[in-house]
Structures are given as structure tokens and as C-alpha cells.
Amino acid sequence: MAPTPIVDIHTHIYPTTYLTLLRSRTEVPYLLDLPNKSAPPRLIILPSDDDPALPAHQRGRPIDSSYSSINQKLDFMKTHDIHTSVISLANPWLDFLSPEEGYQWAEKVNNEIEDICSTSQNSLYAFATLPLSAPSRSIVAAIECLYLLPHMRGVVLGTTGLSQGLDDPALEPVWSALESAKLLIFLHPHYGLPSSVYGPRASEYGHVLPLALGFPMETTIAFTRMWLSGVFDRHPKLKVLIAHAGGTIPFLSGRVNSCVQHERHFPEHEYGGRGPKRDLKEVLRENVWLDAVVYSPTSVKAAVEIVGKDRVLFGTDHPFFPPLEEGREEWMSVETNVQAVTEAFGDDKQGVTKVLGGNAIELLELNVAGAG
Ligand code: URA
Ligand code: ZN
């Protein structure tokens, strides 16, 4: 039997039109062209990047053509034996736009990404972008249009929702629309933690603290707030794929649960228990999928332990984390994640196959030749 093809469900793109939008801005997020035209522009993506004390070429991160080129994405997939990718707009999506602009840009970006996928012979699918700065009825309208775009398999969602986080009651119509459309939510961080927690020496460490620690905590808090506010009680069929193996959820879910059980603020239900009606464990096993973008077999094992081996999915986070050495084709970030999955499962070859591709093919109903 041929091995199941590898599917990458965590892989991003900044379409050129989106980069043009960023180039037109002077507030974070924006794109800064350097005087040396042969050097890639810098994406000023975090508030801490916008530091006039730093020379322009040291601010933010370099954004070369791999962030917008589909041919480079396809080459990257070939190099790493990735058969199919589910692409999503990278952070910070459309969060920073005015409501009217957000709605128009969502339509534009989703149509552009659909066109890219439809000319890719089934090697590309996508998660759509929502106009989160718009009123919830516009977001619902945007969700309802997605059935017209046959390669969309869900939506990518940041953690801030309509600006008040994902436990905001104003998001109810959005959850209902996503639940009825059976669209998977790909929950992805962007904002990290307040800069003050990284300390006065943070800039000496580049993006290490925000990416390695801020992102996972942000995701953990966002998902926990969803659960605490009863989103999964009211929307039992909502499906959430959480980036970076759920941040720290696999490690902290027991503690979260215990804190709820000991919190007097929550009255005890008539049938016992406190807080949300559906147990965190149950929600993790029935509503949640985790990606395997964690770079460590220990963390992959924790993810599998908490959601089950049918619910962990391989990803690369391309084009972030490219090799630092010039001219190296294989990406260490990808190899580390493949190895982490392989080591986590040991002799369980079926587990490896499921996480590397089988689970994604089934969950997202991907048409992948040679699968099954
Ligand atoms: N990965 C992402 O998806 N976004 C970032 O900003 C950094 C890494
Ligand atoms: Zn990502």
C-alpha cells in the first residue's frame, strides 16, 4: 500500500495585493522598503518592531518573495514531499482595517486565494479570511458566501474576535454561522502577550520570546475563554483546529479544569460540576483538533494524548522559519516537525501516516490522489 501523502494544514501566504496594502500604511502592521533595493522589505508586524531607535534593516522581519509566491510554495512542497497544502492568509489578517475595508478585503483575498487553489490541480486548498473589524452581520454574510468557493475548508481566526476576545457574546451569530456551514476554525495567534512581560532586554532576543512563548499563551487563553464562556455548550458541533498544538492546552488543561472545580464563583450545577456544562476533556476530544507544529516528540505525544491520534495534523508554518543558511533547500523547521511526529509514534506507523496526512484528508474532505 502506498503511504498516505503528506498534507500541510498550517502554511501561509501574503498575496501581493495584501502586501501592497501593507506598503501603503505607516502604522503597524506595515511594510518598510529599504534604501538597498536588493534587500527584502521588512514587515513591521509587532508593536515592538516599530522602534525608530533601530536601523530600518533590523526592524521587524524580512519578507522575501517566498511570502507571496505560489511557485515558491509549490517548490517548497516538492522539496519536502508535501502533496497537498491548505493555505491561509498570515497574521494579522484583516484585523486592522475599518469595517467597510475589512469586508471588501475579505472578499478580495478569499477570491484571490480561491483562484490560486483552483489552478493548482488539487494540490492547494485554503482557510478563508473573515472581516473581523466589521459588524457580526457582515462577518456572517462573508461566511455565507464561502460556499461559492469550493476550495475553502474553513476559516483562519485570530484570538481577538471583534476586539473583545473569543468569549464575546457578540460573536454568537458568527459561531452559529460557522457551525451550520460546518466550517473548521483554524485558531491562530498574532498578538502574543504585553511587551512588558518580555522585559527591558527583549529586543536582544529578536522575536524569540513573542513567538516561542507569547503566541502559545495567547492561543491557550483565547481557547480557554471560549470554553469558559460556554461557546461549546451552545455550539456543540463547532470545530476548532488550534495552532501550535494548542499552545499550552495539552499541558495545562488539567490545571484549568481543577481551577474551575475549585472556583466558588461558579454555582454548582443541579447534576454536579461547576462552570461550563461540557467538560473540558470532552470538548477537547469532540470539538478540537491540534496541529503538530511543536518541533518536539514530547509535545506531539501530549497533543495526541489530549485529543487522540485521529485529531492531530501535520503543518509547517511556511514561509515562516526558513533556514538561516543561504542556499539550503531543506528546511530544518519542517524536518524537525516530521521527525517529532515519527519519534512520537515509534512503531505505530499508522499513527505517523494519520498525522502526516490521513487525518487532514478525512477531516477536510481533500481530494488527494493516491490517498486512502
Ligand atoms: N508564524 C506565523 O504564522 N506568524 C508569525 O508571525 C510568525 C510565525
Ligand atoms: Zn502560522
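# A tour from helix α5 outward

Begin by selecting helix α5 in this predicted model, where Val174, Trp175, Ala177, Leu178 and Glu179 are buried. If you then display what surrounds these buried residues, you will find them packing against α4, β7 (152-157), β8 (184-187), α6 (208-228) and α7 (231-234).

Next, add helix α4 (residues 136-145) to the selection and keep α5 (residues 172-180) in view. Two packed helices are described by the angle between their axes and the distance between the axes. For α4 and α5 the angle is about 10° and the axes lie 9 Å apart; since angles under 35 degrees count as roughly parallel, the two helices are therefore roughly parallel to each other. To see the contact itself, show the side chains of Ser136, Ile139, Val140 and Ile143 in α4, which meet Pro173, Val174, Ala177 and Leu178 in α5. Sorted by character, the residues of this contact comprise seven nonpolar and one polar, with no charged residue.

Now step past the end of α5 to Lys182, which follows the helix and sits in the loop between α5 and β8. Most residues other than glycine have a negative phi, and most peptide bonds are trans. Lys182, although not a glycine, has a positive phi of about 55°, and with a relative accessible area of 67% this residue is exposed.

A second residue to select for its backbone is Ala245, which lies in helix α8 (residues 243-246). Ala245 also has a positive phi of about 55° without being a glycine, but its surroundings can be contrasted with those of Lys182, because at 2% relative accessibility Ala245 counts as buried.

Two peptide bonds deserve a stop of their own. Select Val28 and Pro29, which are joined by a cis peptide bond with omega of about 0°; Pro29 is found in the loop between α1 (16-23) and β2 (30-32). Then move to Asn91 and Pro92, where the bond is again cis, with omega of about 5°, and where Pro92 lies in the loop between β5 (82-89) and α3 (99-118).

From there, go to helix α9 (residues 249-261), which holds Cys259 and in which Asn257 is also found. Asn257 is buried, with a relative accessible area of 17%, and, leaving aside residues up to four places away in sequence, Asn257 touches Trp227, Asp279 and Leu280. Cys259, by comparison, counts as partly exposed at 46% relative accessibility. With Cys259 still selected, place a distance label to Thr119: the two residues are 140 apart in sequence and 50 Å apart in space, C-alpha to C-alpha.

Finally, zoom out to the whole chain, which has 13 helices and 11 strands. Its radius of gyration is 20 Å, close to the 21 Å that the globule rule gives for 372 residues, so the chain is as compact as a globular protein of that length. A box taken along the principal axes and filled by the C-alpha atoms would be roughly 70 × 50 × 45 Å. Of the 372 residues, 54% count as buried, and the accessible surface comes to about 17200 Å², with 55% of that belonging to carbon and sulfur atoms. If you colour contacts by sequence separation, note that among those between residues at least 6 apart in sequence, 71% join residues at least 24 apart.

Definitions and conventions. Residues are numbered from 1 along each chain as its sequence is written. Chains are lettered from A and ligands numbered from 1 in the order in which they are written. This is a predicted model: local features need pLDDT of at least 70, side-chain atom pairs count only at pLDDT 80 or more; totals for chains, interfaces and linings use all residues. Side-chain values use heavy atoms; hydrogens and water are left out. Axes are lines fitted to C-alpha atoms, for helices over the stretch in contact, and angles run from 0 to 180 degrees between N-to-C directions. Helices (H or I, at least four residues) and strands (E, at least two) are DSSP runs, numbered from the N terminus. Angles under 35 degrees count as roughly parallel, over 145 as roughly antiparallel, 65 to 115 as roughly perpendicular and the rest as oblique. Contact means heavy atoms within 4.5 Å. Ala, Val, Leu, Ile, Met, Phe, Trp, Tyr, Cys and Pro count as nonpolar, Asp, Glu, Lys and Arg as charged, and the others, Gly among them, as polar. The radius of gyration is taken over C-alpha atoms; the globule rule is 2.2 Å times the number of residues to the power 0.38. Buried means under 20% relative accessible area, exposed over 50%, partly exposed in between (1.4 Å probe, protein chains only). Accessible areas come from the Shrake-Rupley method with a 1.4 Å probe; for residues, only the protein chains shown count as cover.
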